[in-house]
Amino acid sequence: MPEVLAVCDAVLYSPWLLPVLVVLIALDGPFPVLPSETLLMTAAAVAFGSHDVTGAVGLFVAALVGSAAGDLLVFGLGRSSHRVLAKTIDVECGLSSWVRRHLLPRPGIALVGARFVPGGRLVSTAAAGRYGLGLHRFLFWSLVSSGAWSLYMLLIGLLLGPITGGSPVLSLLAGLVMAVLTALAFAIGRRVQVWRAVRRPEPLAELVTPR
């Protein structure tokens with residue numbers, strides 16, 4: 001147990017925490033399996049639990065910068081029509097179909113809404129590049145969605161802070177539990193969506209042509 005505590009302290013109180021978070025959150029765009037959300041929630045719980053307002057603000061800025069940078073990276077990959085991304089966003093069902101239907105006429109709905117669905121960040125930002133959303137419109141809504149997501153992560157940390165009391169180990173456990181519960185909730189939601197779509201098919205998505 002002392003070894004675990006020492007590792008948590010070393011990570012969460014390291015001067016490299018914010019730069020590492022920026023990189024992890026950015027890379028989480030094309031590789032949505034990295035533990036960036038868990039680390040961010042854990043660090044936020046520690047900051048709020050210890051009443052570290054400056055640390056919480058730093059976490060928000062790091063999350064915002066990392067999220068926007070990762071969005072721009074995936075947007076560029078989408079514009080290059082990368083074969084792997086094309087398979088992800090061109091399928092005629094579920095989230096990809098919903099994103100394509102709303103992307104060009106209502107990019108805010110597509111980019112902000114999808115940001116809170118597991119895998120939605122990759123699908124929506126790649127689709128924005130692949131289907132020709134203008135860079136300026138994309139950047140604006142990317143910043144809006146990144147800001148909303150960063151605030152959401154910090155609000156979870158704010159809720160967990162009083163429970164963990166600023167303890168790094170308890171904050172890590174709470175972050176892991178919240179990450180699992182959030183993923184489970186979204187998975188159930190997606191299954192309900194699929195079940196409803198089977199019973200009552202959605203209208204055909206508007207045709208969009210890849211660049």
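The legends below describe an overall view and several close-up views of a predicted model.

Residues are numbered from 1 along each chain as its sequence is written. In this predicted model, local features need pLDDT of at least 70 and side-chain atom pairs count only at pLDDT 80 or more, while totals for chains, interfaces and linings use all residues; side-chain values use heavy atoms, with hydrogens and water left out.

**Figure 1. Overall view of an α-helical protein with 10 helices and zero strands.** From the N terminus on, the elements run α-α-α-α-α-α-α-α-α-α; helices (H or I, at least four residues) and strands (E, at least two) are DSSP runs numbered from the N terminus. Of the 211 residues in the protein, 40% are buried, where buried means under 20% relative accessible area, exposed over 50%, and partly exposed in between (1.4 Å probe, protein chains only). The protein exposes about 11,400 Å², and carbon and sulfur atoms supply 73% of this area; accessible areas come from the Shrake-Rupley method with a 1.4 Å probe, and for residues only the protein chains shown count as cover. Among contacts (heavy atoms within 4.5 Å) between residues at least 6 apart in sequence, 77% join residues at least 24 apart.

**Figure 2. The largest nonpolar core, with 21 residues.** A nonpolar core is a set of buried Ala, Val, Leu, Ile, Met, Phe, Trp, Tyr and Cys residues joined through side-chain atoms within 4.5 Å. The residues with the most contacts inside this core are Leu17, Leu21, Ile25, Leu40, Leu59, Trp149 and Met153. Two or more residues each are given to the core by α2 (17-27), α3 (36-49), α4 (53-79) and α9 (135-164), and α3 supplies the largest share, eight residues. Not counting residues up to four places away in sequence, Ile25 touches Ser36, Leu40, Ala62, Ala63, Gly66, Ser67, Arg121 and Trp149. Apart from the largest core lies another core, of 13 residues, among them Val99, Leu111, Ala128 and Leu133. In soluble globular proteins, nonpolar side chains tend to be buried together.

**Figure 3. Aromatic pairs and a charge over a ring.** Rings of Phe, Tyr and Trp (its six-membered ring) pair if their centres lie within 6.5 Å; planes under 30 degrees apart count as stacked, over 60 as edge-to-face and the rest as tilted. The count by this rule is three aromatic pairs. Phe75 and Phe138 form a stacked pair, with 4.2 Å from centre to centre and 20 degrees between the planes. Because Phe75 lies in helix α4 and Phe138 in helix α9, this pair ties together parts that are 63 residues apart in sequence. Phe75 is buried at a relative accessible area of 4%, and Phe138 is buried at 1%. Phe140 and Trp141 form an edge-to-face pair, at 4.9 Å centre to centre and 80 degrees between the planes; Trp141 is partly exposed, at 27% relative accessibility. Elsewhere, the charged end of Arg115 sits over the ring of Trp149, 4.3 Å from its centre; this description requires NZ of Lys or CZ of Arg within 6 Å of the ring centre and within 35 degrees of the ring normal.

**Figure 4. The surroundings of Asp71, a buried residue of helix α4.** The relative accessibility of Asp71 is 1%. A polar contact is a pair of N or O atoms within 3.5 Å; within protein, one must be able to donate a hydrogen and the other to accept it, and residues adjacent in sequence count only if both atoms are side-chain atoms. The side chain of Asp71 makes such a contact with the side chain of Arg121 at 2.8 Å and another with the side chain of Ser146 at 3.5 Å. Leaving out residues up to four places away in sequence, Asp71 touches Arg121, Thr125, Phe138, Ser142, Ser145 and Ser146.

**Figure 5. Helix α8 (residues 120-130) and its contacts with Ala114.** In α8, 11 of 11 residues are buried, including Arg121, Ser124, Thr125 and Arg130. Gly132, which follows α8, has a positive phi near 85 degrees. Ala114 lies in helix α7 (residues 107-114) and is buried, with a relative accessible area of 0%. The C-alpha atoms of Ala114 and Ser124 are separated by 6.4 Å, although these residues are 10 apart along the chain. Neighbours within four places in sequence aside, Ala114 is in contact with Leu95, Trp98, Val99, Ile109, Gly120, Arg121 and Ser124.

**Figure 6. His51 in the loop between α3 and α4.** The phi of His51 is near 60 degrees, a positive value in a residue other than glycine. His51 is exposed, with a relative accessible area of 69%. Most residues other than glycine have a negative phi.
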